[in-house]
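I opened my notebook to follow one helix and one cysteine pair through this structure. I wanted to write down each thing as I looked it up.

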Amino acid sequence: MKFGTPIRTLACTLPLTLLVGCSYLTALLFPDAPVGSPPEATTAASPAVVSKDGLAPITAVQVERIREAVGGKPPSPAVGKVVGSASPTIESFLRTEGCITARNGAVLNPFAAPGRLFDGTGFQGGPMAEMQYHDKTACVTVQRIQNWKLVSPRLLRFDVVYVGDDGEERAIKRHELMRQPKGGWLFTR
């Protein structure tokens, strides 16, 4: 098939390439791009992707903010001792809770005390559920943890203040953490 001038060749093949698919043309124009990826994926940051469980991706800044909030000055030495031993569980729970975009509270069940499972289909306890304008493809940030109270040697209660980074909306969640017979800490609320 002979088209004549290079301009005429391009004019004839470009519409065909667009109809058939741009993989060959993309490979020529963007040789470093992964096969099947759009050209803008090589130059722009990848968009946030919500997981199949309904969790938004958390940023390193948000993880560090959780560590700072949990590791802050406790109101008493007794609370500090409990928070010190429970901090891995608290941090993991807050990283998950602040990223729930759907009504799937079951993602919190690894942190739930026996008999205290979170609702897997109609869960409305995530902080994003209370925020009207927050981008649901991004986690909310822990602003602070407040009202630490050691109710008993086995029960710790506290509130978490979450804030949406895009609109300064706030949500406050109250939690209870119970010491388990084998020594770990799990959430009852």
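The entries below go from the helix to the cysteines, and I kept in mind throughout that the model is predicted.

**Entry 1, the helix.** I began with Ser92 and found that it lies in helix H5, which covers residues 77-97. When I looked for a bend in H5, I found a kink of about 65° at Ala86, shortly before the proline Pro88.

**Entry 2, the contacts of Ser92.** What does the side chain of Ser92 reach? I noted that it comes to the backbone oxygen of Pro88 at 3.1 Å, and that a polar contact of 3.2 Å also joins the side chains of Ser92 and Arg95.

**Entry 3, what is covered.** I then looked up burial and saw that the buried residues of H5 include Ala86, Ser92, Ile90, Phe93 and Leu94. Among the elements that cover the buried residues of H5, I wrote down helix H4 (60-70), strand E1 (141-152) and strand E2 (155-163).

**Entry 4, the disulfide.** How many disulfides does a search of the whole structure find? I recorded one, formed by Cys99 and Cys139 with their sulfur atoms 1.8 Å apart. Both cysteines lie in the loop between H5 and E1, so the pair ties together parts that are 40 residues apart in sequence. The torsion about the S-S bond of Cys99 and Cys139 is about 110°, and therefore I entered the disulfide as right-handed.

**Entry 5, buried or exposed?** Since buried means under 20% relative accessible area, I listed Cys99 as buried at 3% and Cys139 as buried at 2%.

Terms used
Residues numbered from 1 in each chain as written. Predicted model: local features only at pLDDT ≥ 70, side-chain atom pairs only at ≥ 80, totals over all residues. Heavy atoms only, no water. Helix = DSSP H or I, 4+ residues; strand = E, 2+ residues; numbered from the N terminus. Polar contact = N/O pair within 3.5 Å; in protein donor to acceptor, adjacent residues only side chain to side chain. Bend = angle between axes of the 7 residues up to and from the residue. Buried < 20%, exposed > 50% of the residue type's maximum accessible area, 1.4 Å probe, protein only. Contact = heavy atoms within 4.5 Å. Disulfide = S-S within 2.5 Å.
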